[in-house]
Amino acid sequence: MQDTSSCGLKLGSATVVLFRLPSCLSSSFSPSSHNSLFKSPVLSNGCNLSTNTNFKGSSGYSSSSEKTSTPQTFLSPVSMATMPCAPQPRQAAVGHAAPPFPCLTPPLGSSAASVRPLQQAPHAEMRDKSTKRAFVPPMTPQPLYIEGSSGSEVLRPVSEIPVRFRSIFSEFPFFNYLQSKALDDVLYTDKNFVACAPTGSGKTVLFELAIIRLLMETQEPWRKVKAVYMAPIKALCSQCYDNWSKKFGPLGLTCKELTGDTEVDDLFEIHDSHIIVTTPEKWDSMTRKWKDNCLLQLVRLFLIDEVHVVKDATRGATLEVVVSRMKAVNSYRTSQIPEAGVTMRFVAVSATIPNISDIADWLSNGSEPAMYLSMDESHRPVKLWKVVLGFPCSGTQTEFKFDLSLNYKMANIIQTYADQKPTLVFCSTRKGAQQSAAVLAKDARFIMNFEHKRRLMKYTNSVLDSKLRDLMMLGVGYHHAGVDVSDRKLVEEAFTLGDLPVLFTTRTLAMGVNLPAHLVVIKSTTQYVAGSCEEYSEADILQMIGRAGRPQFDTSATAVIMTKVQTREKYMKLMNGMEIIESSLHSHLMEHLNAEIVLQTISDVNMALDWIRSTFLYIRAIKNPSHYGFSANLDRYGIEAKLQELCLKNLNSLSSIDLISMDEDINVKATEAGRLMARYCVAFETMQLFSKITGTETLPDLVDLVSKSKEFRDIQLRVNEKRPLNTLNRDRNRTTIRFPLEGKIKTSEMKVNCLIQAQLSSISIQDFGLTQETAKIFRIGMRISKCLSEFLSQQPKTGFCAVLNSLILAKCFRAKLWENSPYVSKQIEKIGLTLSTAMVNAGLTSLSKIEQTNPRELELILNRHPPFGNQIRESVVHLPKYDINLEQLPRYSSATAEIVVKVTLLNQAQLLSRRTAPDHHYVSLIIGNSENGLVFLQKLTDSLLLKSGCWTKKIDVPKTSKGNDISINLISSEYVGLDIQLKFPVYYSAAKTFGTEAPQNITDIPIGQRPPRFALKSQSGQCATTQRENASSAKEQNSATKRQCYHFCKNKSLCAHDCCKVGVAFGQKRSANHESSFSSYLEDLRSRSDILAHTPVKRLKIKMSEEPLSVNMQKFAYRPKEMLPIASRHAENRCKPADADLTAEDCSQLPNVDYLDDLDRGGNQAVAIRLF
């Protein structure tokens, strides 16, 4: 092969295009030298080049006396054969050609991690194992001059920075080319800065220099120093957090990682942190309340990693809005305290993009634009060899079949280009990654020695996935989001150390964990998005090939793109050109406009346009209006008018479902629903679903509604997932979900619904991919269900049924259990599904049963040692226990009734010392009537009940036409098993009518139904069923022909009126065959005589008639009864007051006794005893 920058060759049936082949490789490379991959090359002297050559990579020199092994070179000789063949003589390696630079001169753009200063060379030759030598840097910084493509360049030494900060860069003595060029702007100025460089150029060091600049200009202690690092994915945040915690920890700085899709109500968790590592979504939720919190105004440095993600269709808008909001925070702070002179600095880095100047204009500081540094691929620390392979694809061949056909070409490609180093293959789907790995393991055979196999065996013994375990033993692995977390970490470790030769993965890994690879293969350039195939964007392609040749691991790298012959030219041009970064805010403008309205950043259309001017959308719309649907002939004013029109259109959509209020002058103001949408970061389409709720929705209806939320659109239904999902839905031989879906699982909405119910039903999900997606669904579902419950609670005409079920659903998402689930023990710390199942099998299906069980018995059930049982029982004992008392006041009306509700915290004394529930735990008291109307709703926090012990409220209950019963529910915000649900009959008075049977009122309530003061009481929900049964049985015992008398005695059981105890018969019209009035009167007397209790005189007469003997009359003399006992507050059984005649002295000694006026003309006095 000749020394050319671009050349072509034939590989099987594929056309190969090579780009920018370095001279050091082109002079010695030939396809014939790669007949077998991973064979140990042998030099002329018989040495193993992979272990005996200290190839210093970007340092530019090597030492034959040192024997080292880089992480990328396999620790043992590994060879690969595509078919059984006779042993062949080893061939010399061609991938280790001499560097193109002089021995003692590092190459241009070399990695800072591998550059060695010139002064250290003699010490490397004279090492004494018994003597420890330390290199002392010179007092005066000595720059290192290198020869590059643009002439002589300078590498700046680390010794330029202050001594106390040099430990941050202890891994290298010189900054690389990019870092040296940016050092003056980043370290010695406060200007905003943007760097554009290829992946692996050491851009993270620029962030560390910016933090050092902040520390240098701030006096110690650095209490008010806050820097925010924002990366698009959690994996980058975790890496940065671990790295900076070690580097900046010795300096006294603390890092805080804020990632995850969780609800954030408290911003003070970042109060003690100096460096905050977060994602755009998380910081968006944090900054939506920035005016109410002064901590965000302490942010002095804002670091943006991978800023080119601003073009992403789903996540780019959030990143753009967050950065624009931080600019608003900076402007607000500057205008409020201009004399302080404190500003916020923005430092951003990105991959190679052509319009980096637009990013700099966007991050300008008002008066002056941001500084920017752009470096192309020629300054890449590791020279990248790019290969485009075009494979034929007929018109009748589907994308799936074409992708499948590439699997059988993978072994030949790896054998040709891998050069004995790890290979990373990017696939479009998870299943495609597993299939490709299986095909390669079958077609190719990696020949490994015993030590290498032993190391792989060590990894596979800990792998949970059986398919992955078998493949790893053959030297092949796969890695994607569906793999268990522990398995992923094992695969990453094995691949990083060089024990795993080939790893198949999805494109999400390109932006995640930093896995080094010498060869990167992009298998097929199409991906599946929303059920259709789309080509990878240039940013995705660059991100994937950027994983090849990380500078701290490798000296050269190869990237192979496998695509169709029809699209080969496109990717040839893509490798030479670059894609313009555009904004995606215009497609997500509605949600972010609402958030700014809630923040009061926008109050009319003109202010909305001012806000648009601070975004990247405005900058790109001016330069490329056609991309955003505007005419290319418009000037700046015309484009601003179009943007204003776009804002007005979105404001009208928000106003249509009452998310904002808008007057005739287009002044806008946020409503409560809009505040909820902004607080919980809910999409506009989801809020539209909420607005269509009628109020009669049941629990399965709300689960189905949440499943259709826009936030779950990116969850796809895969073919291999249909069988386990249908098994969860309907199966005669297994436990299935609570509310089965009709038919087969066909859509992603049905998949989300099924996974939600499976988790709430505590059904084990075996598929790792479904388990990962279930966790994601519940992170989002907690936020959506919480927003739904608060949205319905604030709607004035919402039905009681929908509000109650939304509160229950929000609690279920939080507890990951149904409200009636027997697996209540899962909520206890250290209890998972396995232990909870054991407790359910033992009959411990409620918190009260667990509390009553002996700790030793719990340990026996769970197979645990003491004091595990004590810990479990103590956790349950210190959960809050509630009690509800209801009482109807004796002020009766035909329209309303007055009910007094009392909620008591039973174990207040125990909770003062220890609490299992979190501080923000609360219960919701919700009362509804028989017409599905919401009567009352109130949140009661545990902290409120802890202070006073109880909470009391008088509630007016309007009369309904369908019935007089009301439903009382006490719903916990987080725990299943603490709820209380009761029914309570309410009584009303009405105008008396003659001649017809009047509706029930105060005078015609059946006997026994008039409510006493202690009418209803329940403790912790356990007596709810008993109360309902007692109420229904009482109704059945009442006579339909009796009514209460007109006496207003408070206690009918203790008064002297017979009519109060028995009642009065209804007056009825005489029929045609009516009996005589006298006979009716006699019949009534007989019935009353039979019902009335026997008085002493009556008993005496009966006795004398039966036994005509002499009787001692003193036996029937009057004796006052003993004093009634005081009723216990929490008695299990109600006190049934007996009939008694008490004197005034006796009454004076009783507590809570009221003397009533003489209401009956017989002069008898009635005494009513109030029991609480």
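What follows is a short chat about how to read some features of this predicted model.

Colleague: What should I know before I start?

Modeller: This is a predicted model, where local features need pLDDT of at least 70 and side-chain atom pairs count only at pLDDT 80 or more, while totals for chains, interfaces and linings use all residues. Residues are numbered from 1 along each chain as its sequence is written, and side-chain values use heavy atoms, leaving out hydrogens and water.

Colleague: Okay, sheets. What is the strand order in the open sheet of 4 strands?

Modeller: General idea: strands of a sheet pair through backbone hydrogen bonds, either parallel or antiparallel. Two strands count as paired if DSSP finds at least two bridges between them. Helices (H or I, at least four residues) and strands (E, at least two) are DSSP runs, numbered from the N terminus. Here the order is 27-26-29-30, with antiparallel pairing. Strand 27 (934–941) and strand 30 (980–985) stand at the edges with a single partner strand each, so one side of each has no neighbour in the sheet.

Colleague: How many bridges join strand 26 and strand 27?

Modeller: Strand 26 (residues 922–929) pairs with strand 27 over 7 bridges, in the antiparallel sense. Look for Tyr-922, which stands opposite Thr-941 in strand 27. Then find helix 28 (residues 800–815), which packs on the sheet and touches strand 26, strand 27, strand 29 (965–972) and strand 30. Touching, or contact, means heavy atoms within 4.5 Å.

Colleague: How do I tell buried from exposed?

Modeller: Use relative accessible area: buried is under 20%, exposed is over 50%, and partly exposed is in between (1.4 Å probe, protein chains only). Take helix 7 (residues 280–287): 7 of its 8 residues are buried, so the rest of the structure largely encloses it. Among those buried residues are Trp-283 and Met-286. Their cover includes strand 7 (226–230), helix 8 (316–336) and helix 18 (589–598).

Colleague: And which residue could I look at for the partly exposed class?

Modeller: Try Val-565, partly exposed at a relative accessible area of 35%. You'll find Val-565 in the loop between strand 21 (556–564) and helix 17. Leaving aside neighbours within four places in sequence, Val-565 is in contact with Gly-390, Phe-391 and Pro-392. Val-565 and Val-388 are 177 residues apart in sequence, yet 9.9 Å apart in space, C-alpha to C-alpha.

Colleague: Salt bridges next. How many are there?

Modeller: The rule asks for a side-chain nitrogen of Lys or Arg within 4 Å of a carboxyl oxygen of Asp or Glu. By that rule the count comes to 37. In one of them, Asp-403 meets Lys-523, with the closest N and O atoms 3.0 Å apart. That pair links distant parts of the chain, with Asp-403 in helix 10 and Lys-523 in strand 18 (residues 519–523), 120 residues apart. Both Asp-403 and Lys-523 are buried.

Colleague: Where can I see a salt bridge with an exposed partner?

Modeller: Go to Asp-919 and Arg-915, whose side chains meet in a salt bridge (3.6 Å, N to O). Asp-919 is exposed, with a relative accessible area of 63%, and Arg-915 is partly exposed at 27%. Salt bridges can also share partners: Asp-190, Arg-213, Glu-217 and Arg-300 are joined into one network that way.

Colleague: Thanks! Where is Arg-620, and which residue does Arg-620 pair with?

Modeller: Arg-620 sits in helix 20 (residues 616–623), and its side chain meets Glu-582 in a salt bridge (2.9 Å, N to O). Arg-620 and Glu-582 are both buried.

Notes:
Axes are lines fitted to C-alpha atoms, for helices over the stretch in contact, and angles run from 0 to 180 degrees between N-to-C directions.
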